Amino acid sequence: MHAFEWSLPTKIIFGPGEIKRLGQETKAFGSKALLVTFAPVPAAAFILERALASLKEAGVKVVIYDKVEPNPSVRTCDEGSRLFKECGAEVVVAVGGGSAIDAAKYIASVAWSGGSAWDYVVLSTHTPRQYTGSYPIVAVPTVSAAGSEVNAGGVITNTDLKLKSFSRSPYRIPKAAIIDPELIASLPPAVTGDGGVDIFCHLIEHYLSAKENSEIADRFTEAMILTLKEYLPRALEDGSDLEARGQIALCAAFGWSGLQALGRLGTIPIHFIEHQLSAHYPMSHGRGMTILLPGYLDHFAQAAPARWAKLARRCFAITEPDDAKAATMLAGAVADWLRGMGVFRTLADEGVGPDKFEQMVEDIVAMYGTADGTVPGTRPMARRDIMEVFNRALGTS
Ligand SMILES: [Fe+2]
């Protein structure tokens with residue numbers, strides 16, 4: 001286990017109906033808010049109504065910016081930053097899934113720090129600009145997936161370059177997050193399933209790629225995986241199951257908060273690969289993760305068989321005593337879990353073929369690669385490794 005420093009500065013307000021506290025929580029940071037959210041969807045109109053009612057009751061003036069698309073673009077973020085400054089807002093309220101919250105983070109921090117959102121992302125071709133601060137953010141997650149409501153990260157897409165990247169800054173960790181299961185209850189099963197798999201991937205990224213051991217991090221992670229495995233099927237079967245929605249929402253928040261990586265920080269290879277998939281094709285990040293996960297686990301099983309085997313035994317009831325064999329069994333167990341919930345997907349299901357694989361592999365190496373042309377992972381990922389993960393996701397064989 002290595003030394004670490006960790007804090008969770010976000011005030012988490014959890015519970016059905018707690019959206020009613022949005023106005024008071026926001027007012028602590030300013031009397032005028034830019035409300036950043038997704039484009040209007042009739043089934044989700046009640047969410048915005050409840051948010052606005054609470055803000056109004058608290059006397060907070062609101063300007064609505066409802067242009068955030070899935071995989072938010074640099075253009076959307078930059079436009080939002082300009083609007084924030086023009087309208088004289090003092091605080092950003094993010095209402096939506098990871099896309100809306102990530103966009104809100106760029107809007108708040110770029111409005112403060114200047115320039116364009118793309119100046120700050122991790123790219124091998126430039127030195128990222130440093131944030132100098134951020135306006136405060138209050139987050140209201142309406143999808144359980146990204147955990148963006150309690151962390152420093154944010155992913156954006158450059159639609160001109162067809163590239164997706166990220167930046168992190170403690171300045172823009174939301175000051176408060178209101179996690180209200182009632183707001184999540186109307187999500188359709190497909191979004192619930194893909195979001196659940198994204199949570200699972202967040203939980204296993206560091207678990208499988210860290211070089212050090214930290215039993216407490218492993219146990220935190222395993223607890224959340226087992227919780228997710230118990231409640232995700234319930235939420236898929238009955239979206240209005242608020243207990244299930246709440247448990248999953250907390251897995252999303254704590255599963256990408258750093259709690260899952262205390263003392264053994266690794267890297268995020270599955271995310272490195274997926275980002276270019278959903279940059280090139282119109283699919284959500286969660287759907288991309290769902291598609292890539294089994295093939296990734298299969299291809300890299302022998303990169304750290306003891307880690308793979310530990311996860312297989314503790315969370316997927318694999319009893320095989322030999323690490324190498326147990327590691328190889330993990331991918332099948334995860335695929336079976338996904339199939340059992342009806343959320344298993346392949347690229348073929350999305351109508352995606354191999355024609356952009358080479359381009360995506362080159363983009364991944366260019367963005368996240370090291371000097372030797374490999375990408376950090378449990379072991380360094382060569383181009384052929386990444387190509388193999390894409391090939392296994394095709395689902396045509
Ligand atoms: Fe993710």
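Colleague: Why is Glu222 called buried?

Modeller: In this predicted model, Glu222 has a relative accessibility of 3%, and because buried means under 20%, Glu222 counts as buried.

Colleague: What makes the contact between Arg314 and Glu222 a salt bridge?

Modeller: The side chains of Arg314 and Glu222 meet at 3.0 Å, N to O, and since the criterion asks for a side-chain nitrogen of Lys or Arg within 4 Å of a carboxyl oxygen of Asp or Glu, the pair is a salt bridge. This pair links distant parts of the chain, with Arg314 in helix H11 (residues 305-316) and Glu222 in helix H7, 92 residues apart.

Colleague: Why is Arg314 called partly exposed?

Modeller: Arg314 has a relative accessible area of 28%, and as partly exposed lies between the limits of 20% and 50%, Arg314 is therefore partly exposed.

Colleague: How do you know that Glu215 and Arg219 are separated by about one helical turn?

Modeller: Both belong to helix H7 (residues 215-237), and because Glu215 and Arg219 are four residues apart there, about one helical turn separates them. Their side chains meet in a salt bridge at 3.3 Å, N to O, and Glu215, Arg219, Glu222 and Arg314 are among the residues linked in a network of salt bridges.

Colleague: What makes Asp385 buried or exposed?

Modeller: Asp385 has a relative accessibility of 5%, and because the cut-off for buried is under 20%, Asp385 counts as buried. The side chain of Asp385 meets that of Arg379 in a salt bridge at 2.9 Å, N to O, while Arg379, with a relative accessible area of 31%, is partly exposed.

Note on methods
Residues are numbered from 1 along each chain as its sequence is written. This is a predicted model: local features need pLDDT of at least 70, side-chain atom pairs count only at pLDDT 80 or more; totals for chains, interfaces and linings use all residues. Side-chain values use heavy atoms; hydrogens and water are left out. Helices (H or I, at least four residues) and strands (E, at least two) are DSSP runs, numbered from the N terminus. Buried means under 20% relative accessible area, exposed over 50%, partly exposed in between (1.4 Å probe, protein chains only).
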